[in-house]
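Reader: I'd like to learn how to read a protein model. Could you walk me through this one?

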Amino acid sequence: MLQGVAGLAQMPMSMCHWIRPVRSIMFRPAVVAAMKELMGEGCAITTELSVPRNGFTTGKRKLTRMGWHEDAGNEGHVAYLMDPRYRFAKCGLFLQDHDPEWGGTIQVVSGGHRFPLKFGGIDFRFYAKRIFNIVGERYWPTQIRVRPGTLVMFDSRLPHASTMPAMARKLNLGSGKATDVPPDKTKYVIYWNASRPDCYQQYVANMVTRANKELESPNGEYPFYADAVRMRFPRDFPPGYESDAKAAGLVIGIPPSEQTEAIRVRFEKAVGLNPGFARWATAFRDLAAA
Ligand SMILES: O=C(O)CCC(=O)C(=O)O
Ligand SMILES: [Fe+2]
């Protein structure tokens, strides 16, 4: 289905929404039931939807082992993440088995989304959680067993890391180097977010902040994150998207339209400077016309 995306690390999120087999995963009854089981009725999704191809995590923080991170790490040390009622998850539909040689699944620190200390200031409690997880990442990681079609949902505060191709492990290579994966071992995961109805608002506000930061400090790559945030709802989404979500009983968590609009203007200016990027930015319209 998906070939390499020339010049881009992965397919823009704007396009992922327009590929029916990808977006319709979020609205399938079994998937919706799983999301609602964890998030309750009125479960929200955001407009982040991606299909990383041979995506392997390799970031490295002080004392932390290669690739381990929390998706909520981007949100910083903020009080809402310490709320015991907070529920925000990454959903991943894995399309391959874990392969001892080529990786393909993730490992997690079971329970590592919790804050072990119930007292102290915000930073102190975040640091305590980090220390607990530094030990957990080393001594009690759990490798998630996946088969093609396995849905994995994990708390955005949970430490996790890709299982890496053996070659990359041996040579201690970064993610960019793990691209020589043979076609039959190619790793694909469809990723999106699910949230309790009262927990996505802060995340979405951070999406806007993150998109602005990305546009403020261009790194020569396609502004991948801003691409998802600049999509106008509903006009830049496929017909039936809103009604599919409604029929499934899902809320679509999006930033206020004036914020989306401000990102869109900046995004278009940024990609306009690079013909290749400009092409990718509008490519979803070809799918719309098809
Ligand atoms: O698919 C994986 O191995 C993990 C990807 C991941 O953690 C991320 O993109 O945040
Ligand atoms: Fe992650």
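**Reading the fold step by step**

Author: Happy to! Keep in mind that this is a predicted model. Let's begin with a single pair of residues: the bridge partner of Gly92 in S7 is Tyr191.

Reader: How many bridges join S2 to S7, and do these strands run parallel or antiparallel?

Author: The general idea comes first: strands of a sheet pair through backbone hydrogen bonds, either parallel or antiparallel. Here, strand S2 (residues 88-94) and strand S7 (residues 189-195) are antiparallel, with seven bridges joining them.

Reader: What is the order of the strands in the sheet?

Author: Going across, you meet S5-S2-S7-S1-S8, five strands in an open sheet with mixed pairing. At the edges are strand S5 (150-155) and strand S8 (251-253), each of which pairs on one side only. On average, neighbouring strands are turned by 30 degrees against each other, direction ignored.

Reader: Which helices lie across these strands?

Author: Take helix H3 (residues 29-39): it lies across S2, S5 and S7, at about 20 degrees to S5. Helix H6 (residues 200-216) lies across strand S1 (44-50), S2, S7 and S8, and runs at about 35 degrees to S1.

Reader: Now the core. Which residues touch the most other members of the largest nonpolar core?

Author: In soluble globular proteins, nonpolar side chains tend to be buried together. In this model the largest nonpolar core has 51 residues, and those touching the most other members are Cys16, Ala194, Ala211, Ala226 and Val229. H6 supplies the largest share, six residues.

Reader: Why does this core lie between the two domains?

Author: Because domain 1 (1-47 + 200-290) and domain 2 (54-187) both give residues to it. For a close look, pick Ala194: leaving aside neighbours within four places in sequence, its contacts are Met35, Met39, Cys43, Ile45, Ala89, Cys91 and Met153. Another core, of six residues, lies apart from the largest one and includes Trp68 and Leu158.

Reader: How many residues does each domain bring to the contact?

Author: Domain 1 brings 12 residues and domain 2 brings 11 residues. On the side of domain 1, H3 and H6 are the elements that give two or more residues. That side divides into eight nonpolar, three polar and one charged. The C-alpha centres of the two domains lie 23 Å apart.

Reader: One last residue: is Pro275 buried or exposed?

Author: Count the neighbours: Pro275 has 9 other C-beta atoms within 10 Å, so it is exposed, since the cut-off for exposed is 12 or fewer. You will find Pro275 in helix H10 (residues 275-289).

Definitions and conventions: Residues numbered from 1 in each chain as written. Chains lettered and ligands numbered in written order. Predicted model: local features only at pLDDT ≥ 70, side-chain atom pairs only at ≥ 80, totals over all residues. Pairing = 2+ DSSP bridges. Helix = DSSP H or I, 4+ residues; strand = E, 2+ residues; numbered from the N terminus. Axes fitted to C-alpha atoms, helices over the stretch in contact; angles between N-to-C directions. Contact = placed C-beta atoms within 7 Å. Core = buried A, V, L, I, M, F, W, Y, C linked by C-beta atoms within 7 Å. Buried ≥ 20, exposed ≤ 12 C-beta atoms within 10 Å, placed from the backbone. Domains from an automatic or database assignment. Nonpolar A, V, L, I, M, F, W, Y, C, P; charged D, E, K, R; others polar.
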